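Hi everyone, and thanks for making time this morning. Let me put the structure up on the screen, and then I'll walk you through a few parts of it.

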Amino acid sequence: MIDAAKIKSFFAKNKGDSIIWTLVLFIMLFSVLAVYSTGAKLNADHQQSLMFLIKGHVFYLFIGLICMYIVQNINYRWWYKLSKLGLALGFLLLIATFSFGVSEHGAKRSLIVFGMKIQTIHFIELCVIIFFSSWLARTKDNINDIKHDYIYKLIFIFVVCGLIMSQKTSASIILGITCFVLLFVSKLKFKYFATTMGILTIIVAIGVSILMSDAVNPQSENSFFKRLGTAKTRLESFSNKDDIHREILTTEAAIASSSLFPRPGESIHNYGVKESYSDYVFAFFVEEYGILFGIILIVLYLILFYRAMLIARRINTSFGAYLAVGIGFLITFQAMVHICVCTGVFPATGETLPLFSKGGMSIITTSISIGILLNISKEANKEMEQQKEKEKTTEEVYYE
């Protein structure tokens, strides 16, 4: 039996955001159901048993919960102090991945550590968000100094995203957009932000034109141009519906054949889709558990983002506010990109559904990110309690 009193006591003791904890637990529960359903129809090409799949996924979810609980008790201000060191570690991991990484889908994305394959891109993203949030907090109004501050932030974003693009194009775009969202909520004047967006739109338009031209060869041996070639192939496939990839066609068919209510175990479309429990898990979850559960899952991510925005408004420090916005947007935007791919709105990206798709380092890194968010919430609640005590004391002195 679940002891409601103990659960309530747990949240009261930790003084974090109980709604975020609830959201995370529901998403993880849904993820086990989804991985079990899709894994039950694995074909021989995967050469792994269903129980191995489930045990591996549940293991990482359990480790993620432990990480979340530990990190929520670490004062988020420590990440401010360690932000430069973290960025340096992120760059070292990026270089190590370029040099010694394991190739996946034409790009080096993972390192083998003690026999375990670890994707570094998710940890690098978190390091960048922490550093960029601390940088914005340090500069404050100086960000409007174009020559001596703002231009360097723009250079930083383009350099980091350019390096990450050689690993994963979609990840670099998501991280870049997240950084620009942080610029938007910073003390940067709107006219500078609008001008930047206008110039960036022109650059993107030119870049897409070059990408779709014959200058980019998908068969290139260079890792950077090979990733561009992969992006070109996906865009061409997306724009030309007659040449659509089988995986995309299958996922769209899975959602189209779903009912309003759950029908566990009745999926007929995930046979032979290699990434059915990761890159396309939302589609097969909707097929088996219905449109209603799919909508509920989307709402859970949107509520998570809403809670992150509330935390950002309540915390008194600029760093805490930027970090809450960055983490909340990064997780939610990645989830929306995954869902848009499964529904045919976006071309294939290879982005997983945070805390939902089968994964290792992605689950752990997302759990650490949410742990940081929970600590910011915890500190915000503590500040509010201190403020109330101060006001109460002031009132008592006044009436005496």
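**Helices, a cavity and a salt bridge**

Let's begin where two helices touch: Glu125, Ile129, Ile130, Ser133, Ser134, Leu136 and Ala137 of α6 are in contact with Ser318, Phe319, Tyr322, Leu323, Gly326, Ile327 and Leu330 of α13. Sorted by class, the residues of this contact of α6 with α13 are nine nonpolar, four polar and one charged. Please keep in mind that what you see is a predicted model.

How do we describe such a pair? Two packed helices are described by the angle between their axes and the distance between the axes. Here α6 covers residues 121–139 and α13 covers residues 318–342; their axes are 8 Å apart, at an angle of about 145°. The crossing of α6 past α13 is right-handed.

Now stay with α6 and look at another partner, α5, which is residues 83–100. The axes of α5 and α6 come within 8 Å and cross at roughly 145°. This time, α5 passes α6 in a left-handed crossing. On the α5 side, the contact includes Ser83, Lys84, Leu87 and Leu94, and on the α6 side the residues include Phe123, Ile124, Phe131 and Arg138. The contact of α5 with α6 divides into 10 nonpolar, four polar and two charged residues.

And α5 has a further neighbour to show you, helix α7, at residues 146–165. Their axes are 11 Å apart, and the angle is about 30°. Leu87, Phe91, Leu94 and Phe98 from α5 meet Phe156, Val160 and Leu163 from α7. In that contact of α5 with α7 there are seven nonpolar residues, with no polar and no charged ones.

Next, the empty spaces. How many cavities of 30 Å³ or more does the structure hold? There are five, and the largest has a volume of about 120 Å³. Its lining takes in residues we have met, Glu125 and Leu330, and others, among them His122, Gln334, Thr352, Pro354 and Ser369. Three elements, α6, α13 and α14 (361–399), give two or more residues each to this lining. Which of them gives the most? That is α14, with four residues. By class, the lining of the largest cavity has four nonpolar, seven polar and one charged residue.

Last stop: salt bridges. Searching the whole structure turns up three. Let me point out one of them, where the side chains of Arg77 and Glu379 meet at 3.4 Å, N to O. Arg77 lies in helix α4 (residues 77–81) and Glu379 in α14, so this pair ties together parts that are 302 residues apart in sequence.

That's my tour. Thanks for listening, and I'm happy to go back to any of these views.

Technical notes:
Residues numbered from 1 in each chain as written. Predicted model: local features only at pLDDT ≥ 70, side-chain atom pairs only at ≥ 80, totals over all residues. Heavy atoms only, no water. Axes fitted to C-alpha atoms, helices over the stretch in contact; angles between N-to-C directions. Left-handed = near helix turned anticlockwise from the far one by under 90°. Contact = heavy atoms within 4.5 Å. Nonpolar A, V, L, I, M, F, W, Y, C, P; charged D, E, K, R; others polar. 1 Å grid on protein atoms, 1.4 Å probe; cavity = no way out; pocket = protein on both sides within 12 Å on 5 of 7 lines; lining within 4 Å. Points joined across faces, edges and corners; volume = space filled by probe spheres on them. Salt bridge = Lys/Arg side-chain N within 4 Å of Asp/Glu carboxyl O.
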